[in-house]
Amino acid sequence: FPSHDKVDYNDRVEILAEIPGLSKDEVSVEVQENVLTISGQKVKKVEDKESTGKYIRRELKHSSFKRSFTLGDQINKNSPEAKFENGLLTIILSKVKPTIPETKKIKIN
């Protein structure tokens with residue numbers, strides 16, 4: 001959790017993650033070295049003490065989560081962007097142009 005898609009474009013990589021039931025204040029996106037981490041903590045609702053209802057079936061997730069992705073060398077780790085709308089987190093990671101190592105010509109004596 002969360003379910004996600006990764007899409008590779010020429011200039012960026014996008015990660016789209018479904019996080020229903022949480023607000024953007026309950027979701028965190030962090031990059032540390034080569035690892036991007038999405039985490040979230042659902043704030044538990046106060047239960048009605050007068051209620052005597054019992055769950056018949058319980059499928060909704062009510063716990064925290066953390067999911068990490070290793071970023072490749074082609075990803076610019078300094079400028080990720082994220083937006084959260086209607087339970088869908090979109091993370092945009094721009095790519096850097098690969099550097100071509102300089103070739104040094106050595107004179108043969």
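The following numbered points comment on the fold, the overall dimensions and selected residues of this predicted model.

1. Secondary structure. The chain contains zero helices and seven strands. Read in sequence order, the elements give the pattern β-β-β-β-β-β-β. The radius of gyration is 21 Å, well over the 13 Å that the globule rule gives for 109 residues, so the chain is more spread out than a compact globule.

2. Overall dimensions and burial. The C-alpha trace spans about 95 × 25 × 25 Å along its principal axes. Of the 109 residues, 22% count as buried. The chain exposes about 9,400 Å², and carbon and sulfur atoms supply 48% of that area.

3. Contact range and charge. Among contacts between residues at least 6 apart in sequence, 54% join residues at least 24 apart. The side chains include 20 positive and 17 negative ones, and the centres of these two sets lie 5 Å apart.

4. Glu14. This residue, E14, belongs to strand β2, which covers residues 12-18. Is E14 buried or exposed? The relative accessible area of E14 is 13%, and E14 is therefore buried, the cut-off being under 20%. The side chain of E14 forms a polar contact of 2.8 Å with the side chain of R12. Beyond four places in sequence, E14 touches D5, K6, V7 and Y9 as well as T90, I91 and I92.

5. Thr37. Strand β4, residues 35-40, holds T37. With a relative accessible area of 14%, T37 falls under the 20% cut-off and so counts as buried. Which side chain makes a polar contact with that of T37? The partner is the side chain of S68, at 3.1 Å. S68 also appears among the contacts of T37 when neighbours within four places in sequence are left aside; the others in that list are S28, V29, E30, K66 and R67.

6. Asn34. N34 is located in the loop between β3 and β4. A relative accessible area of 34% makes N34 partly exposed, because this value lies between the 20% and 50% cut-offs. Leaving aside neighbours within four places in sequence, N34 is in contact with F69, T70, L71, D73 and K77. The C-alpha atom of N34 is separated by 34 Å from that of K105, a residue 71 positions away along the chain.

7. Asn76. N76 sits in the loop between β5 (65-70) and β6 (81-85). How far apart are N76 and N34 in space? Their C-alpha atoms are 9.8 Å apart, although 42 residues separate N76 and N34 in sequence. The side chains of N76 and S79 are joined by a polar contact of 3.2 Å. Not counting residues up to four places away in sequence, N76 touches S94, K95 and V96.

8. Positive phi angles. Most residues other than glycine have a negative phi. Two residues merit a check against that background. E33 has a phi near 55°, a positive value in a residue other than glycine. N86 is likewise not a glycine, and its phi is positive at about 50°.

9. Setting of E33 and N86. Where in the chain is E33 placed? E33 lies in the loop between β3 (27-32) and β4. The relative accessible area of E33 is 69%, so E33 is exposed, the cut-off being over 50%. N86, for its part, is placed in the loop between β6 and β7 (88-94). At 77% relative accessibility, N86 also counts as exposed.

10. His62. The loop between β4 and β5 contains H62. H62 is partly exposed, with a relative accessible area of 42%. The C-alpha atoms of H62 and G21 are separated by 9.4 Å, and the two residues are 41 positions apart along the chain.

11. Summary of the residues discussed. The strand residue E14 is buried, as is T37 in strand β4. Among the loop residues, N34 is partly exposed and H62 is partly exposed, whereas E33 is exposed and N86 is exposed.

Key. Residues numbered from 1 in each chain as written. Predicted model: local features only at pLDDT ≥ 70, side-chain atom pairs only at ≥ 80, totals over all residues. Heavy atoms only, no water. Helix = DSSP H or I, 4+ residues; strand = E, 2+ residues; numbered from the N terminus. Buried < 20%, exposed > 50% of the residue type's maximum accessible area, 1.4 Å probe, protein only. Polar contact = N/O pair within 3.5 Å; in protein donor to acceptor, adjacent residues only side chain to side chain. Contact = heavy atoms within 4.5 Å. Rg over C-alpha atoms; globule rule 2.2 N^0.38 Å. Areas by Shrake-Rupley, 256 points an atom, 1.4 Å probe, with all protein chains shown as cover. Lys, Arg positive; Asp, Glu negative; His and termini not counted. Charge placed at Lys NZ, Arg CZ, Asp CG, Glu CD.
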